[in-house]
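Trainee: I'd like a close look at one helix, and then whatever else you can walk me through around it.

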Amino acid sequence: MAWSSGVWPPGASTVSDPEPSPLGRGPVTGPVTSGVALVDVNNFYVSSERAFDPSLEGRPLVVLSNNDGCVITRSAEAKVLGIPMGAPWFQIAGQAKNWGLQVRSSNYELYGDMSARVMEVLGRHTTDLEIYSIDEAFLTLHGTHRAQQATGRTIKATVRRNTGLPVCVGIAPTKTLAKLANRWAKGNPHFDGVCHWDLVPQDQRRALLRRLKVTDVWGVGTRNAARLNAIGIDTAWDLAAADPVLIRKRFSVVLMRTVLELQGTPCITSSESTGNEQVLFSRSFATPVTTLDGMQQALSVYAQGAASRLARKNLQGRVLTAFAGTSPFSTGTRSAPSICIPLPAHTANPLELTRAAHRLLPLIDEGVSYIRAGVIITDLQPAGTQDSLLTLDQDPAAGAGPALGKDTGPLLHQIGQRFGRSAIGLGHAGLKAGSDWTMKRDMLSPHYTTKWADLPLVKAQ
Amino acid sequence: MREVMDEFGASGRALGRPAPAAARAELMPSGFASPAQDWFEDRIDLNRHLIKDITSTYIVRVSGHAMDGAGISDGDELIVDRALHPRDGSVVVAVLDGELIVRRLRITHSDTSTDPETSPTTKSNSTDPGDGTAAGVALVAASSAYPPIPVPDPDGLVIWGVATRCLHRV
């Protein structure tokens, strides 16, 4: 891996490079300025499991995706065993015992709480915290480069102390470079988990960029990469040296921003990177769904899950996409129906969304084994920007049914919060006794921090 | 990933988040002000009383009788702060043979120049390496039926957290 090759410690090579630098920033220590830190937890799920079960320390451990489908997080020891990311569990289960491999189902309750703890600690070190995913966030840091690096070290130590979780910190003038610095910090032990881009000698930064492919750069997808390669842009260095105007013309303004960011000009704002572009609610089924009734029930649950998320984010959506799919490993009939429904108006109303999701049903083949389904809501806007004209009471299609107005979503959300997520649901989703397609988590660790019955045990024996 | 965060991210915040304070008595609409408004206080909040830092506080359940003499009984819940610096006499949750155990930490020092603040047992709990000056470290029970557990390599000892309170049903 290019990341771990030895281009550190500093001073190992400080020969000045005669080539002009595409990097706009020269000084090694620099004046008082502000920088962006990307903080993320190393092997977050694995580390969260280990925080409460020290016996897992030093042993190969993997965490499986929804329904114990495939490997989504691996400890360093599991990587050494050669278990690939995304390996289907059924393929490696047979060897697990020989390897001494420890396996856990995804304990989202635990990870969610640990994530909240980490984010709260991070928020104490910045005025500007942008949570990017469950285990990573961007922070604005102020002061000299040295001061920023010191803050990075404090953050790393504090998160470790308060949560037991190891983090790496990458600091740079831009988010794109902070991403690179973060991965560098992970891959090279000399950084001790904290890498400030501007404090690394310039020749070493160049060497890194020359080693990296364009796909290693945040936001450059494989499709763009192929087109970039076609015009001779192969490495991150090439991309950093490209003409931003040309890139905008031939590609997009998004890729132009990446070029500018590589050159040291911050231009990816928080609204762009966090993007409330869509709400996705999708699951794999524990046992395949083969009936229309089963699919209708699943879509009801997912549409209401999506509605609940919209309510929590105070958003409304205008377009709903519902989809289902058979297993890629299936030898039987394969089917992947999807349908895109423009809604009459922006809404977060669970009944409207559920009704829209059900329009996938005519495309479902009874008897075919579907293993997943989902609902995506797009074209989002903040709730209240424009009042929904078509609430359920006014919808003629609702007929003489019970009046469920636009307050329904928030109300259901509140009840769910107070009494548990399966306490209430609309129509087909109003179920508590688990259907056989609810998530399978056979190797689940306790909900150590969210359930009294699951508290970690400490021995006084 | 972000969706997962949204789904569960709030759960950790439920604990110990104080309700917005004051101002309620001030908002009374009538001309007849409450005679109590100058004495308004928040209702007693156990979370604020028991938890110093919500990000480092965990609750664990005790299993066994080794700490009976310290008022910590089988089945009790302990409030543990992972951010606290363990000292001589602290009731700690330590890692022993891959398990979490609760004991009282005993540190004895060999000479007078020793700084009692410098604990050698902070491997997981502090950034400083804790250049050990301790002559002896042991994890001791609060019941004579359980012999002290000597710690021959204090630098290798992992203190998971320091217990601050015991929740005992009476």
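Trainee: How many residues of helix α1 (residues 44-52) of chain A are buried?

Mentor: For α1(A), 9 of its 9 residues are buried, so you can call the helix mostly covered. They are F44(A), Y45(A), V46(A), S47(A), S48(A), E49(A), R50(A), A51(A) and F52(A). Buried here means under 20% relative accessible area, with exposed being over 50% and partly exposed in between, using a 1.4 Å probe and protein chains only. Helices are DSSP runs of H or I with at least four residues, strands are runs of E with at least two, and both are numbered from the N terminus.

Some ground rules before we move on. Residues are numbered from 1 along each chain as its sequence is written, while chains are lettered from A and ligands numbered from 1 in the order in which they are written. This is a predicted model, where local features need pLDDT of at least 70, side-chain atom pairs count only at pLDDT 80 or more, and totals for chains, interfaces and linings use all residues; side-chain values use heavy atoms, leaving out hydrogens and water.

As for pLDDT (the predictor's confidence in each residue, from 0 to 100), chain A averages 82, and 79% of the residues score at least 70. Over residues 271-275 of chain A the pLDDT is below 50, and that stretch has 14 contacts beyond near neighbours in sequence, a contact being heavy atoms within 4.5 Å. Residues 430-436 of chain A also stay under 50, with 7 contacts beyond four places in sequence. Where pLDDT is low, don't read the predicted coordinates in detail.

Now for a helix pair in chain A. Helix α4 (residues 108-123) packs on helix α5 (residues 145-163) at about 145°, with the axes 10 Å apart. Those axes are lines fitted to C-alpha atoms over the stretch in contact, and angles run from 0 to 180 degrees between N-to-C directions. On the α4(A) side you'll find M114(A), R117(A), V118(A), V121(A) and L122(A), which meet I155(A), T158(A), V159(A), N162(A) and T163(A) of α5(A). By class, that contact has 6 nonpolar, 3 polar and 1 charged residues; Ala, Val, Leu, Ile, Met, Phe, Trp, Tyr, Cys and Pro count as nonpolar, Asp, Glu, Lys and Arg as charged, and the others, Gly among them, as polar.

S115(A) sits in α4(A) as well, and counts as buried because its relative accessibility is 1%. A polar atom of its side chain lies 2.6 Å from the backbone oxygen of I134(A). S115(A) and D135(A) are 20 residues apart in sequence but 6.1 Å apart in space, C-alpha to C-alpha.

Next, T347(A) in strand β11 (residues 338-347) of chain A is buried too, at 3% relative accessible area. Its side chain reaches the backbone nitrogen of N349(A) at 2.8 Å. Not counting residues up to four places away in sequence, T347(A) touches L310(A), Q316(A), G317(A), E352(A) and L353(A).

Last stop: H358(A), in the loop between α14 (350-357) and β12 (370-382) of chain A. H358(A) counts as buried because its relative accessible area is 16%. Its side chain makes a 2.8 Å polar contact with the side chain of S300(A). A polar contact is a pair of N or O atoms within 3.5 Å; within protein, one must be able to donate a hydrogen and the other to accept it, and residues adjacent in sequence count only if both atoms are side-chain atoms.
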